[in-house]
Amino acid sequence: MKESHTRSSSSAHHRWMEICLGLAENALPEDVPVGAILLYEGEIIAQACNWRERDQNPVGHAEISVLQEASKKLGRWRLTNTTLVVTLEPCPMCASAILQARVAQVVFGAYDPLMGACGSKYHLFNDARAKTRITGGVLEGPCAKLLRDFFRGTGGQLSFDKREKLSWDLF
């Protein structure tokens with residue numbers, strides 16, 4: 001774990017994560033419930049949930065959607081001085097996009113032992129050139145429960161790999 005990767009008990013982080021949990025619920029019942037917001041100067045400038053299944057889009061992750069929305073809104077691809085808040089530790093695809101966009105901080109809820117790129121499985125932010133600060137475990141319990149309940153309730157209706165379903169039993 002990188003030194004800048006910390007656990008947070010900040011009340012502001014909790015308030016933002018509660019908003020993300022509400023967004024994550026919007027993905028139900030067809031998609032993995034992940035919600036994200038992007039903050040700039042203390043204000044939400046983009047928000048999204050996962051829509052991979054609905055849109056049949058392999059990059060339909062909440063993190064990618066908020067980066068795209070924020071870039072359009074700000075008129076630039078460099079999203080410096082922004083904070084991404086998301087209910088699940090970003091995967092390698094999303095982490096790479098976060099690094100490319102120069103996001104200053106990532107705050108996430110549940111750790112992802114299968115695909116997490118902030119230290120759980122992969123360490124994409126450990127490069128000395130990476131300036132993104134990472135804070136994990138914010139409202140981890142409610143974030144993990146939402147995911148666990150989703151995967152237990154799919155009953156084979158979705159085409160998820162069995163290992164992915166089982167990984168949420170670790171929480």
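Leaving aside neighbours within four places in sequence, which residues is Leu84 in contact with? Select Leu84 and look around. Its partners are Ala36, Ile37, Leu38, Glu63, Val66, Ile98, Val103, Gln105, Val106 and Val107. Contact here means heavy atoms within 4.5 Å.

**Before you go on**

This is a predicted model: local features need pLDDT of at least 70, side-chain atom pairs count only at pLDDT 80 or more, and totals for chains, interfaces and linings use all residues. Residues are numbered from 1 along each chain as its sequence is written, and side-chain values use heavy atoms, with hydrogens and water left out.

**Whole chain**

Colour by secondary structure. You should find 6 helices and 6 strands. Helices (H or I, at least four residues) and strands (E, at least two) are DSSP runs, numbered from the N terminus. From that end, the order is β-α-β-β-α-α-β-α-β-β-α-α. Of the 171 residues, 47% are buried. Buried means under 20% relative accessible area, with a 1.4 Å probe and protein chains only.

**The core**

Now select Met17, Leu38 and Leu84. These have the most contacts inside the largest nonpolar core, which has 44 residues. Such a core is a set of buried Ala, Val, Leu, Ile, Met, Phe, Trp, Tyr and Cys residues joined through side-chain atoms within 4.5 Å. Helix H5 (140–153) gives the largest share, 6 residues. Other elements that each supply at least two include helix H1 (11–25) and strand E2 (35–40). In soluble globular proteins, nonpolar side chains tend to be buried together.

**Helix H4**

Select residues 92–101. The buried residues of H4 are Cys94, Ala95, Ile98 and Ala101. They cover an arc of only 130° around the axis, so they lie on the same side of H4. The arc is taken from the directions from the helix axis to the C-beta atoms. What do they pack against? Show helix H3 (62–74), strand E4 (82–88) and strand E5 (105–110). Then step just past H4 to Arg102, where phi is positive, about 65°.

**A pocket**

Keep Arg102 selected. Arg102 helps line the second largest pocket, and other lining residues include Leu99, Val103, Leu124 and Asp127. The lining divides into 4 nonpolar, 2 polar and 4 charged residues.

**Last stop**

Select Gly136, in strand E6 (residues 133–136). Is Gly136 buried or exposed? Gly136 is buried, with a relative accessible area of 0%. Add Cys118, 18 residues away along the chain. The two C-alpha atoms are separated by 8.4 Å.

Notes
Buried < 20%, exposed > 50% of the residue type's maximum accessible area, 1.4 Å probe, protein only. 1 Å grid on protein atoms, 1.4 Å probe; cavity = no way out; pocket = protein on both sides within 12 Å on 5 of 7 lines; lining within 4 Å. Nonpolar A, V, L, I, M, F, W, Y, C, P; charged D, E, K, R; others polar.
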